[in-house]
Amino acid sequence: MRIHDLRGSRRSFLRGATALAGAGLTSAVLRRRTHADEGAPDDNTRFLIVLTANGGASIIDSLLAIRASESSRPETLNVFPDAMVRSVEGTPFRAVDAQFGAVGQIPAPFSSEQSSFVAKHADHLTVATWRRTSVNHFIGQRRAVTGNEAWNGRTLQEAVAAAHGGAFALPNVHLTSGSGFTERGTDASLPVRDFGEPIADPALWPLALDGLRGLDTGVSRSLLARARRLRDQKIDARSDFAVTMAQAPRLRHWRHIRGEPQETLEANDLITKLLLFPEGESYPLASHGLSSGASAEAARRAFPNYAQDPVEAQAALAFLLLRYRVAVTVTLGPSFDVVVDGEEVDPEGGALPPGALLNPPIAFDFSHQSHRSVQAFMWRRVFDIADRLIGLLQSEPYGEGGESLWDRSMIYLATDFGRTKQRPSGAEEFSSGHDLNNGIVVLSPLTPGRTLLGGVDPETGLTFGFDPTTGEPQPGRSMAEAEIYAGLLQALSVDTSGSGLADVRALRRRA
């Protein structure tokens with residue numbers, strides 16, 4: 001477990017710029033032509049945002065919350081006092097609104113008001129239930145994006161990249177790492193361009209997108225191109241390593257990375273368009289001949305804590321990647337690290353001021369220590385990120401047909417598994433374990449909206465399934481991971497014919 005305080009990163013922002021840019025550390029498919037600022041109103045492009053909820057986001061602690069008066073065993077089931085659960089008018093959803101004095105053992109008071117988010121986004125909010133097949137973090141995460149290897153092991157992100165990313169520079173971007181959500185799939189038929197490309201640092205990464213910008217070298221573009229040809233065709237090709245390992249998959253991948261025309265990437269000026277951090281004392285961009293792109297200001301306004309909170313930085317860059325048509329799918333989300341706003345922490349100790357704790361240890365999985373407060377804190381966190389991303393995407397036109405970028409997008413809130421449904425008798429705070437039973441949250445104009453597919457039994461806290469075609473609830477039925485996976489891809493206009501996947505029409509918005 002690590003504690004993040006990103007003030008040091010701000011001071012050293014440009015320290016590694018020369019090494020990064022000079023080395024030309026451009027990602028695998030950034031050599032391909034970009035799709036910046038394009039988008040015909042009649043094209044079929046769709047965009048997927050996978051927002052990860054590491055550690056087990058429990059659906060009955062948010063949109064399917066159960067009131068104590070609805071159960072015959074409220075003392076020992078994870079239900080809420082009636083006053084804490086609000087029904088959202090015109091929807092089948094619930095919301096938990098409550099005040100907490102701490103996040104588990106961390107003295108950090110906060111309020112969780114889910115109802116405003118649900119009311120604001122109800123038209124594009126769909127919940128579907130399912131039963132998972134593993135309570136192991138990594139396996140559960142992987143199956144959340146592969147449907148338990150439902151389509152030759154390709155991930156949702158890879159399938160979307162294959163279907164919609166052909167003209168995009170970097171179709172599949174992973175802004176978070178170290179989890180099963182971002183592992184490469186096992187479908188060997190996919191080209192390498194569709195595999196996820198990791199971005200470890202949204203601050204520094206754009207500086208790697210140009211071999212000359214930001215460097216006072218006096219080297220011309222033509223000379224750089226000649227040097228690259230010499231490197232690729234003679235120096236590297238004749239090395240003992242290249243000869244010995246000529247057929248190694250990793251080396252072939254690396255050759256692919258450096259073999260496609262980098263000049264196209266540089267001509268699109270992505271080093272400017274994707275540079276999140278602005279000119280200032282901490283970031284003397286102008287002195288290096290650099291500047292931040294026009295849309296970065298909107299991203300910074302939406303996510304003003306980008307310098308302290310890794311997830312805000314990820315979300316801001318995710319928007320820029322979609323806005324400039326660099327990617328068709330981005331994956332981001334809270335890590336298992338503690339994140340605090342160091343400028344707000346009292347060095348003498350005591351309770352943290354409101355807003356100082358940005359991410360608790362092990363995210364949703366901190367529910368092992370304190371279920372109710374941790375679930376409330378983390379649901380607030382992922383809803384807040386989703387809300388601001390939606391606002392940015394709604395403000396961005398798509399082509400000239402009156403659509404916004406949001407009209408073609410989906411946010412899939414992906415989580416490892418559910419949490420256990422029991423609690424010690426009468427306990428207001430308690431620990432929980434991993435559980436196979438849960439549900440998913442999808443925000444998208446491409447899915448039905450104001451829709452609950454399935455339901456929850458107030459006597460057990462367990463969710464039940466639905467008819468894949470009509471969406472009618474079916475108590476006693478459990479939805480398989482492959483069914484939910486199929487429904488999400490079909491809502492994103494991915495052709496799944498020949499895949500063996502079921503037709504899950506209930507997850508698609510009807511005309």
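Hi everyone. Let me begin with one pair of residues: glycine 465 has glutamine 474 in strand S21 as its bridge partner. That pair belongs to strand S20, residues 463–466, and S21, which are joined by two bridges and run antiparallel. Zoom out a little and you find three strands in an open sheet, ordered S19-S20-S21, with antiparallel pairing. Strand S19 (455–456) and strand S21 (473–474) are at the edges with a single partner strand each, so one side of each has no neighbour in the sheet.

Before we go on, please keep in mind that this is a predicted model. The average pLDDT for the protein chain is 89, and 87% of the residues score at least 70. Residues 5–34 are the stretch to be careful with: their pLDDT is below 50, although the model gives this stretch 89 contacts beyond near neighbours in sequence. Where pLDDT is low, predicted coordinates should not be read in detail.

Now the overall picture. The protein chain has 14 helices and 21 strands. Of its 511 residues, 58% are buried. The chain exposes about 20000 Å², and carbon and sulfur atoms supply 51% of that. Taking contacts with a separation of 6 or more, 73% are between residues 24 or more positions apart.

What about the inside? The largest nonpolar core has 128 residues, and those with the most contacts inside it are Leu274, Leu321, Val330, Leu332 and Tyr412. Helix H13, residues 371–394, gives the most to this core, with 13 residues.

Let's pick valine 330 from that group. Leaving aside neighbours within four places in sequence, valine 330 is in contact with Leu48, Ile49, Val50, Val173, Leu175, Ala318, Leu321 and Leu322.

Some of those partners bring us to strand S2, which covers residues 47–53. How many of the seven residues of S2 are buried? Seven of the seven, so the strand is largely enclosed by the rest of the structure. Follow the side chains and you see Phe47, Ile49, Leu51 and Ala53 pointing one way, while Leu48, Val50 and Thr52 point the other way, and all are buried.

S2 also has strand partners. With strand S14, residues 409–415, S2 pairs in the parallel sense over seven bridges, and here isoleucine 49 stands opposite isoleucine 411. With strand S9, residues 329–332, S2 again pairs in the parallel sense, over four bridges. In that pairing, valine 50 stands opposite threonine 331.

Next stop, strand S6. Six of the seven residues of S6, residues 125–131, are buried, so this strand is largely enclosed by the rest of the structure. S6 and strand S17, residues 437–443, pair in the antiparallel sense over seven bridges, and the bridge partner of valine 127 in S17 is valine 441. S6 is also joined by three bridges to strand S18, residues 451–453, and these two run parallel. There, alanine 128 has leucine 453 as its bridge partner.

Let me finish with a few loop residues. Arginine 325 lies in the loop between helix H12 (310–323) and S9. Its phi is positive, about 55°, although arginine 325 is not a glycine. Is arginine 325 buried or exposed? At 2% relative accessibility, arginine 325 counts as buried.

Alanine 363 is another one to look at, in the loop between strand S11 (357–359) and H13. Alanine 363 has a positive phi of about 50°, and is not a glycine either. The relative accessible area of alanine 363 is 0%, and this residue is buried.

At the other end of H13, serine 395 sits in the loop between H13 and strand S12 (397–398). The side chain of serine 395 reaches the backbone oxygen of leucine 392 at 2.6 Å. Serine 395 and alanine 298 are 97 residues apart in sequence, and 9.7 Å apart in space from C-alpha to C-alpha.

And one last serine. Serine 432 is in the loop between strand S15 (418–419) and strand S16 (434–435). Serine 432 is buried, with a relative accessible area of 3%. Which residues is serine 432 in contact with, leaving aside neighbours within four places in sequence? They are Ser367, His368, His371, Arg419 and Thr420.

That's the tour. Thanks for listening!

Terms used
Residues numbered from 1 in each chain as written. Predicted model: local features only at pLDDT ≥ 70, side-chain atom pairs only at ≥ 80, totals over all residues. Heavy atoms only, no water. Core = buried A, V, L, I, M, F, W, Y, C linked by side-chain atoms within 4.5 Å. Buried < 20%, exposed > 50% of the residue type's maximum accessible area, 1.4 Å probe, protein only. Contact = heavy atoms within 4.5 Å. Areas by Shrake-Rupley, 256 points an atom, 1.4 Å probe, with all protein chains shown as cover. Pairing = 2+ DSSP bridges. Polar contact = N/O pair within 3.5 Å; in protein donor to acceptor, adjacent residues only side chain to side chain. pLDDT = per-residue confidence, 0-100.
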